[in-house]
Amino acid sequence: MIKDVSLPVSNKVICGLIWCVFVALSLYIAPYHEVWADEVQAFLIARDASVADIISAVPHQEGQPSLWHLVLKGFIFVFGKNLNLTYVSIFIMSLTVGIFLFLYNVPLLYKILIPLGHYFLYQYNIISRNYCLAYLALALLGYIYPLRHKYIWRYAFVLLLLAESTSFLAPVAAVLGLLWLYEAYQKGTRSLFRYVAPMFMLACFGLLMIWQIFPLNYSSYSLRIGDIKNYPYSIFVHFPEAFFAGENLIVNLLFLLGIAFCAIRAVMSVSFWKSISSHQKTICYVLVLWGTFSIVYFVARPMFYHQGLIWGIFLCTLYMFFPDYVCQRKHYLFVACLLMQIYWSFGSIYFDIKQPYSAQFDAMKILQQHHPKVQKIQAIGFHTLPLEFLLSQTQMYPDHSYPLYWLWTPNDLKYRYDDEGIQKRVDEHKDILVVDAYEAPRVNLDFYENTDNFYIYKVPAAAVYKGYLFYEQGLNLYIKKSLGEKSF
């Protein structure tokens with residue numbers, strides 16, 4: 001029997017206030033955020049690629065479904081090419097938090113703490129990537145799951161959204177669809193007929209996704225896995241780190257064991273374990289779902305910013321399969337995790353506001369002093385994309401035969417990493433050169449009459465995670481002295 005999730009007026013008012021605080025904090029932080037190259041890459045794809053390319057070519061390069069790029073293209077069509085990307089993810093995550101606050105039957109304490117956590121307030125909210133769609137899908141899934149055999153089409157569309165949000169969750173959506181079909185089969189053939197059309201729709205989109213992404217772009221896959229040090233050990237560390245104290249696996253496990261001991265002793269009675277053991281079907285479902293997700297997570301490119309998927313699917317699983325347990329109020333382990341994530345959240349916000357961590361603002365200041373509208377600026381490297389984005393397409397001079405969004409075919413990688421390809425672009429004799437620190441040492445400036453005619457600046461680029469910097473990539477600026485002596 002489905003519980004009544006309608007809220008009394010007093011709780012609705014409190015939930016409304018929590019939602020307003022979430023939105024207000026998000027809008028306050030947004031102007032300080034320095035967009036990643038990954039964010040800009042998706043924006044440039046949505047802006048410059050055709051719908052046909054987004055559906056057919058881009059998923060193969062990105063290794064992700066096309067929904068996020070189509071969503072961005074829709075927002076660009078409505079609001080124009082000057083759309084602030086951050087507000088798209090804030091809009092989607094605000095919907096997600098609203099669903100959680102007003103439709104979920106959980107203690108008020110969790111409704112206060114969960115939206116302020118790192119993954120909700122910062123990582124998939126301020127950093128605008130396709131994973132905000134995953135959180136929206138998981139929020140809808142947790143609510144609609146008990147009603148999956150009543151609202152068949154609604155559940156089918158939620159599974160479709162889950163699959164299209166990220167390739168990490170597409171197999172999870174497929175497993176849930178198969179389990180759903182199995183349950184329908186157990187009800188009898190007359191009942192099964194109602195599921196034919198929605199399952200056919202899901203199957204068609206599943207085949208489309210396979211056609212879009214496969215065969216795997218091994219150039220992209222090998223490069224990205226190669227960037228992960230100590231793989232797969234470092235990925236194993238990610239699992240407990242998504243919940244607890246930090247990067248150190250031993251610290252995480254000790255934290256987990258200590259809090260779990262207190263929780264088991266104070267809360268988890270013998271009757272709880274008896275109720276779990278009497279639901280073997282539920283346990284089987286959970287093991288299949290998490291087994292599928294874990295395999296995909298390790299095989300794909302699991303990085304720091306993917307850890308939020310572990311937390312999101314954990315919350316969703318709890319509410320889907322153990323709603324009575326969730327509604328209990330004394331879960332010290334869970335509350336400890338929430339408080340830790342709120343600490344991470346505001347640590348990251350502090351870094352965004354007080355400690356600029358990217359090269360783009362410093363580089364923009366320097367370039368603006370040289371009047372970039374009338375100068376020729378050549379940008380080289382993936383991490384120059386935010387700069388190209390801020391200066392706009394008309395003020396940068398990438399190779400016209402080269403797309404503004406990044407591709408990962410063998411030829412593209414050759415063009416990116418081969419000295420000859422980089423040198424060809426440098427030799428186009430631009431007034432200002434902006435180049436990734438990775439490519440900069442291989443740039444030969446002998447083409448110019450005198451390399452001393454250039455100022456050289458090195459400004460760091462990095463991303464913030466849980467209140468500390470975890471990734472750094474420098475940018476080099478080469479500026480001709482003939483543009484005028486400047487002091488910086």
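Strand 1 and strand 2 (residues 432-436) run parallel to each other in this predicted model and are joined by four bridges. Within this pairing, Ile380 of strand 1 has Val435 of strand 2 as its bridge partner. Strand 1 itself covers residues 377-380. In a regular strand, side chains alternate between the two faces of the sheet. Strand 1 shows two such sets: Ile377 and Ala379 point one way, while Gln378 and Ile380 point the other way. Each of these four residues is buried.

The next region concerns the packing of two helices. Helix 19 (residues 307-321) packs against helix 21 (residues 332-354) at an angle of about 145°, and the two axes lie 14 Å apart. The crossing of this pair is left-handed. On the side of helix 19, the contact is formed by Trp311, Phe314 and Leu315, which meet Phe334, Cys337, Leu338 and Gln341 of helix 21. By residue class, the contact comprises six nonpolar residues, one polar residue and no charged residue.

A third site is centred on Asn125, a residue of the loop that links helix 8 (118-123) with helix 9 (131-144). Is Asn125 buried or exposed? Asn125 counts as buried because its relative accessibility is 0%, and the cut-off for burial is under 20%. The side chain of Asn125 forms a polar contact of 2.7 Å with the side chain of Ser26. A polar atom of the Asn125 side chain also lies 3.0 Å from the backbone oxygen of Leu121. Apart from neighbours within four places in sequence, the residues in contact with Asn125 are Phe22, Ser26, Thr86, Ser89, Ile90, Met93, Tyr119 and Phe120.

Notes: Residues numbered from 1 in each chain as written. Predicted model: local features only at pLDDT ≥ 70, side-chain atom pairs only at ≥ 80, totals over all residues. Heavy atoms only, no water. Buried < 20%, exposed > 50% of the residue type's maximum accessible area, 1.4 Å probe, protein only. Pairing = 2+ DSSP bridges. Axes fitted to C-alpha atoms, helices over the stretch in contact; angles between N-to-C directions. Left-handed = near helix turned anticlockwise from the far one by under 90°. Contact = heavy atoms within 4.5 Å. Nonpolar A, V, L, I, M, F, W, Y, C, P; charged D, E, K, R; others polar. Polar contact = N/O pair within 3.5 Å; in protein donor to acceptor, adjacent residues only side chain to side chain.
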